[in-house]
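Me: Please take a close look at the metal site in this structure. I am new to it, so follow the site out into the parts around it.

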Amino acid sequence: MEQLTSYLESNKERFLEELKELVRIPSVSADPKFKDEVARTAEFVAQKLKSAGCEQVEICQTAGHPIVYGERIIDPSRPTILVYGHYDVQPADPLELWDSGPFDPIVKKTELHPEGALFARGACDDKGQMYMHVKAFENMVAHDLLPCNVKFMIEGEEEVGSDNLGPFLEKEQERLACDVIVISDTSMIANDVPSITTGLRGLSYVEVEVTGPNRDLHSGVYGGAVGNPVNILSKMIASLHDENNKITIPGFYEDVLAVDDSERTQMNQAPFSIEYYKSDLEIGDIRGEKGYTTLERTSIRPTLDVNGMWGGYIGEGAKTVLPSKAFAKISMRLVPNQHPDKITTLFEEHFKKIAPESVNVVVKPHHGGHPVVTPTDSVEYKAAARAYKETFGKDPIPQRSGGSIPIVALFEKILGVKTVLMGFGLDSDAIHSPNEHFGLYNYYKGIETIPYFYKYYTEMKEEIA
Ligand code: BES
Ligand code: MN
Ligand code: MN
């Protein structure tokens with residue numbers, strides 16, 4: 001393993017330059033304008049997998065953006081690790097809030113990243129974290145220290161719901177056969193507090209359209225006599241939480257699996273400063289469901305949030321108009337045992353029921369996903385924990401995350417394989433936001449830690465076999 005360390009040390013600059021090259025390609029999956037750039041990114045990833053040592057590299061076309069597949073089989077009788085990641089990124093908007101171009105990577109120091117962080121869209125989510133695996137793999141192959149078989153599946157549609165990945169899993173079950181899936185697409189508590197993600201929330205995402213009169217009206221001539229869809233939508237949305245910030249949709253909490261007190265106590269022992277949290281976000285106070293801590297609210301409890309809302313005149317100056325329509329995009333984060341389709345139905349029924357006669361409501365479901373929890377007594381968790389211990393000098397803390405990676409539930413359902421979530425980002429890395437960044441410490445720590453996971457996982461797996 002010493003060879004790996006010295007190789008990493010002497011190649012740090014190149015590893016960073018390659019990541020810069022990768023984040024320079026604007027692979028925004030949501031916007032058809034970037035289709036060619038997304039394809040170019042797939043080619044870049046395929047090329048890098050090949051030069052790192054993958055033997056069967058293929059860019060698999062789908063109905064949407066391509067999936068990059070690559071493998072290196074050293075011995076079919078040995079364990080196989082499948083690395084999943086995504087090379088697509090969120091749109092960079094709002095552009096004016098970036099301090100530097102979202103696709104012009106630069107390294108800057110921050111309070112939490114005194115060694116410097118790479119600023120660019122995708123630096124952390126997920127190009128930087130995915131690329132750690134490619135470099136760790138390159139390192140193992142270069143020193144003939146790859147202990148097991150490896151398969152890479154890097155997709156280009158994670159940020160838009162992975163619609164084509166499910167069918168790909170069904171079709172390619174044989175090729176994707178593996179013992180465990182490893183993903184670096186989550187965060188850890190702090191650079192000196194390593195953690196392993198043991199849960200992801202599910203997701204139900206809907207768009208609502210509220211229509212009042214059949215056309216925009218003069219707000220003086222008609223105002224006061226005709227239901228204003230923007231006023232009404234605001235009121236309907238406001239009613240979705242009660243005075244304790246509980247969600248009011250009947251049946252919403254029905255299937256929620258309660259977390260027992262001992263686990264809650266344990267999860268609240270994770271280092272967390274509410275003062276830092278507030279000052280980082282520049283908020284006067286936090287707000288959330290009564291009876292739960294911030295750590296609980298962002299992990300074991302479901303939520304409902306408006307992600308965007310529009311309607312009427314939003315241009316320069318004042319136009320007096322009573323709009324015909326109002327819209328909102330609403331996400332609900334789900335916890336174990338809640339079913340995304342059921343929640344979507346409950347939402348739709350309730351939302352239509354609370355609408356007054358003066359408007360008409362249409363609810364359009366978007367993508368959804370099931371929540372996941374992963375055990376801490378599995379071989380993969382233990383191997384990952386040993387790897388962190390080795391490189392961070394500390395035992396990692398298991399922590400459930402608030403984000404969603406819907407495909408993880410499908411890995412288990414379709415491939416019958418469990419996932420270990422080894423994320424190296426920080427929650428404050430501004431993923432999906434302006435000024436997204438990824439600490440260089442984190443990038444290199446990931447590259448250093450991954451080979452230990454391979455080593456311990458293989459050893460432990462072969463020991464029980
Ligand atoms: N990598 C994130 C998920 C994430 C981030 C999990 C931080 C844990 C901690 C992923 O790329 C993502 O953004 N997922 C989306 C859902 C998807 C269906 C668009 C999300 O969580 O909003
Ligand atoms: Mn991601
Ligand atoms: Mn994301």
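Reply: The metal ions come first, then the parts around them.

The model is predicted, so local features need pLDDT of at least 70 and side-chain atom pairs count only at pLDDT 80 or more, while totals for chains, interfaces and linings use all residues. Residues are numbered from 1 along each chain as its sequence is written, chains are lettered from A and ligands numbered from 1 in the order in which they are written, and side-chain values use heavy atoms, without hydrogens and water.

Start with the manganese ion (ligand 2). Its protein donors are His 86 (NE2), Asp 125 (OD), Asp 185 (OD) and Asp 185 (OD), at 2.0 to 2.4 Å. Donors are N, O and S atoms within 2.8 Å of the metal (3.2 Å for Na, K and Ca); water is not among the atoms, so sites may look incomplete. Along the chain these donors are spaced H-x38-D-x59-D. The angles among the six donor atoms run from 57 to 166°, which makes the arrangement irregular. That word covers anything that is not tetrahedral (four donors, all angles between 85 and 135 degrees), square planar (four) or octahedral (six), the last two needing opposite donors over 155 degrees apart and all others between 65 and 115.

Now the manganese ion (ligand 3). It is held by Asp 125 (OD), Glu 159 (OE), Glu 159 (OE) and His 432 (NE2), at 2.0 to 2.6 Å. This site is irregular too, with angles of 55 to 155° among six donor atoms. The two manganese ions, ligand 3 and ligand 2, lie 3.6 Å apart, and Asp 125 coordinates both.

Where do Asp 125 and Glu 159 sit? Asp 125 is in the loop between strand S5 (117–119) and helix H3 (127–142), and Glu 159 in the loop between strand S6 (149–155) and helix H4 (165–171), so the pair ties together parts 34 residues apart in sequence. Helices (H or I, at least four residues) and strands (E, at least two) are DSSP runs, numbered from the N terminus. Asp 125 is buried at 7% relative accessible area, and Glu 159 is buried at 14%. Buried means under 20%, exposed over 50%, partly exposed in between (1.4 Å probe, protein chains only). Asp 185 is buried as well.

The loop between S5 and H3 also holds Arg 121. Its side chain meets that of Glu 436 in a salt bridge, 2.8 Å from N to O. A salt bridge is a side-chain nitrogen of Lys or Arg within 4 Å of a carboxyl oxygen of Asp or Glu. The two residues are 315 apart in the chain. Both ends are buried: Arg 121 at 0% and Glu 436 at 1%.

Asp 185 lies in the loop between S7 and strand S8 (187–188). S7 is covered on both faces, by buried Val 180 and Val 182 on one side and buried Ile 181 and Ile 183 on the other. S7 pairs with S3 in the parallel sense over four bridges; pairing takes at least two DSSP bridges. Three bridges join S7 to strand S16 (residues 419–421), also parallel.

Strands S3 (80–86) and S7 (180–183) each give two or more residues to the largest nonpolar core. That core has 71 residues, and Ile 81 is one of those touching the most other members. Such a core is a set of buried Ala, Val, Leu, Ile, Met, Phe, Trp, Tyr and Cys residues joined through side-chain atoms within 4.5 Å.
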